[in-house]
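Visitor: I would like to go through this model and ask, for each label, what it rests on.
Guide: Then let us look at it first and take the labels one by one.

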Amino acid sequence: MSKQIDPYETRLHPGNAYWMAKISKLIYACKAGSKHPDEALILSQLKDEDSGFLSVVGEDKNTAQAALIEHKDFLCMVFRGTDELGDWLDNINAFPVKVLFGDFHRGFWGSVNDVWDKINGRYEECRGERKRPLFITGHSLGGAMATIAASRLIHDDKPFTSVYTFGQPRAMSRETAQFFSVEAKGRCHRFLNNEDIVTRVPSRLMGYGHVGNCLYIDAKGKIYNNPGLWFRFLDVVEGALDTIKKAGSLGAIDDHDIDKYLSAVERWDVDF
């Protein structure tokens with residue numbers, strides 16, 4: 001597959017998917033002794049593959065981390081997931097809060113609020129210097145945060161090229177998700193790897209729904225576009241949540257690993 005990004009392509013694009021998965025992995029790099037994104041290391045690793053990357057500005061507040069990445073041809077908001085799944089599930093704070101145009105997961109909304117001023121402020125600075133297309137991305141909790149960030153931009157009628165998420169949990173009510181998907185106009189691409197159980201929470205029984213276009217990755221790494229029957233099949237794994245909580249870390253969930261998502265996107269073995 002070509003790893004060339006197309007900054008103006010809103011539809012699913014292999015090069016765009018690759019770079020968003022790559023950035024979603026690199027955001028996990030931390031400065032020594034803290035959770036703050038290691039901006040110098042992230043930028044160095046990006047520039048090793050593409051010299052067009054210019055800067056990385058990170059934020060770490062409370063339990064949320066994010067960064068605004070500047071490339072000469074585009075900008076990218078990236079949100080980090082968590083490696084403490086047991087604590088995250090115990091403190092899921094899943095009751096909805098009514099903001100913007102609907103009902104959003106209270107905990108995920110709060111995480112975006114924690115980093116928004118710094119990340120959006122940097123975005124506005126870069127946009128003021130020279131207008132460039134904006135991508136939004138994240139893995140796990142970071143993916144849920146990415147869709148909420150996109151919701152803020154939709155609500156404020158601000159442009160973005162597309163959203164790419166990997167292994168994200170549900171972040172808003174079914175009705176709000178339907179409104180989001182209409183407003184996003186095919187710009188939201190949500191990757192789901194095989195039996196990744198994190199994508200099953202919060203449950204549909206709590207009124208939550210997923211957004212955008214689902215790209216399902218099967219056990220052999222083949223990618224399918226919106227395979228509706230798989231949703232019914234994957235719902236049976238929701239009962240495994242107690243087992244995961246006891247394990248206490250994302251390492252216990254092989255299919256949730258960002259490396260699995262990046263590998264599948266690099267292969268780009270698609271059936272659509």
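Guide: Accessible areas here come from the Shrake-Rupley method with a 1.4 Å probe. On that basis the chain exposes about 11500 Å², and carbon and sulfur atoms supply 49% of it. Keep in mind that this is a predicted model.

Visitor: How many residues of the chain count as buried, as a percentage?
Guide: Of its 272 residues, 57% count as buried. The label requires a relative accessible area under 20%.

Visitor: What share of the contacts joins residues at least 24 apart in sequence?
Guide: The share is 72%, taken among contacts between residues at least 6 apart in sequence.

Visitor: Which secondary structure elements does the chain have?
Guide: The chain has nine helices and 13 strands. Nine strands form an open sheet with mixed pairing, in the order β1-β2-β3-β6-β7-β9-β11-β12-β13.

Visitor: Why are β1 and β13 said to stand at the edges?
Guide: β1 (53-61) and β13 (270-271) each have a single partner strand, so one side of each is left without a neighbour in the sheet.

Visitor: What makes β12 and β13 a pair?
Guide: Two strands pair if there are at least two bridges between them. Two bridges join β12 (residues 223-225) to β13, so the criterion is met, and the strands run parallel. I223 has V270 of β13 as its bridge partner.

Visitor: How do you know that β1 and β2 pair?
Guide: Eight bridges join β1 to β2, so the requirement of at least two is met; these strands run antiparallel. V57, for instance, has L68 in β2 as its bridge partner. The hairpin of β1 and β2 has two residues between the strands, and N62 takes a positive phi near 55 degrees there.

Visitor: Which helix lies across β1 and β2?
Guide: That is α2 (residues 39-49), which runs at about 145 degrees to β1.

Visitor: Why is S55 called buried?
Guide: S55, a residue of strand β1, has 13% relative accessibility; the limit is under 20%, so S55 counts as buried.

Visitor: What makes the pairs of S55 with E70 and R122 polar contacts?
Guide: The cut-off is 3.5 Å between N or O atoms, with one able to donate a hydrogen and the other to accept it. The side chains of S55 and E70 are joined at 2.8 Å, and those of S55 and R122 at 3.3 Å. Both values fall within the cut-off, so both are called polar contacts. Leaving out residues up to four places away in sequence, S55 touches L43, L68, I69, E70 and R122.

Visitor: How do you know that the span of α5 is close to the expected one?
Guide: Helix α5 (residues 141-155) has 15 residues and reaches 21 Å from its first C-alpha to its last, against 21 Å expected at 1.5 Å a residue.

Visitor: Why is α5 described as largely enclosed by the rest of the structure?
Guide: Of the 15 residues of α5, 14 are buried, so the description applies. After α5 comes D157, with a positive phi near 55 degrees.

Visitor: Is H256 buried or exposed?
Guide: H256 is buried: its relative accessible area is 1%, and the label needs a value under 20%. This residue is found in the loop between α8 (241-247) and α9 (258-267). A polar contact of 2.8 Å joins its side chain to that of S140. H256 and I197 are 59 residues apart in sequence, with 7.4 Å between their C-alpha atoms.

Visitor: Why are K185 and N194 given opposite labels, exposed and buried?
Guide: K185 has 61% relative accessibility, over the 50% limit, so K185 counts as exposed. N194 has a relative accessible area of 15%, under the 20% limit, so N194 is buried. K185 sits in the loop between α6 (174-184) and β9, and N194 in the loop between β9 and β10.

Visitor: What makes their phi values worth listing?
Guide: Most residues other than glycine have a negative phi. Phi of K185 is positive, near 55 degrees, and phi of N194 is positive, near 45 degrees.

Visitor: Where is there a cis peptide bond?
Guide: It joins V201 and P202, with omega about -20 degrees. P202 is placed in the loop between β9 (188-193) and β10 (208-209). Most peptide bonds are trans.

Methods: Residues numbered from 1 in each chain as written. Predicted model: local features only at pLDDT ≥ 70, side-chain atom pairs only at ≥ 80, totals over all residues. Heavy atoms only, no water. Helix = DSSP H or I, 4+ residues; strand = E, 2+ residues; numbered from the N terminus. Expected span 1.5 Å × (residues − 1). Buried < 20%, exposed > 50% of the residue type's maximum accessible area, 1.4 Å probe, protein only. Contact = heavy atoms within 4.5 Å. Axes fitted to C-alpha atoms, helices over the stretch in contact; angles between N-to-C directions.
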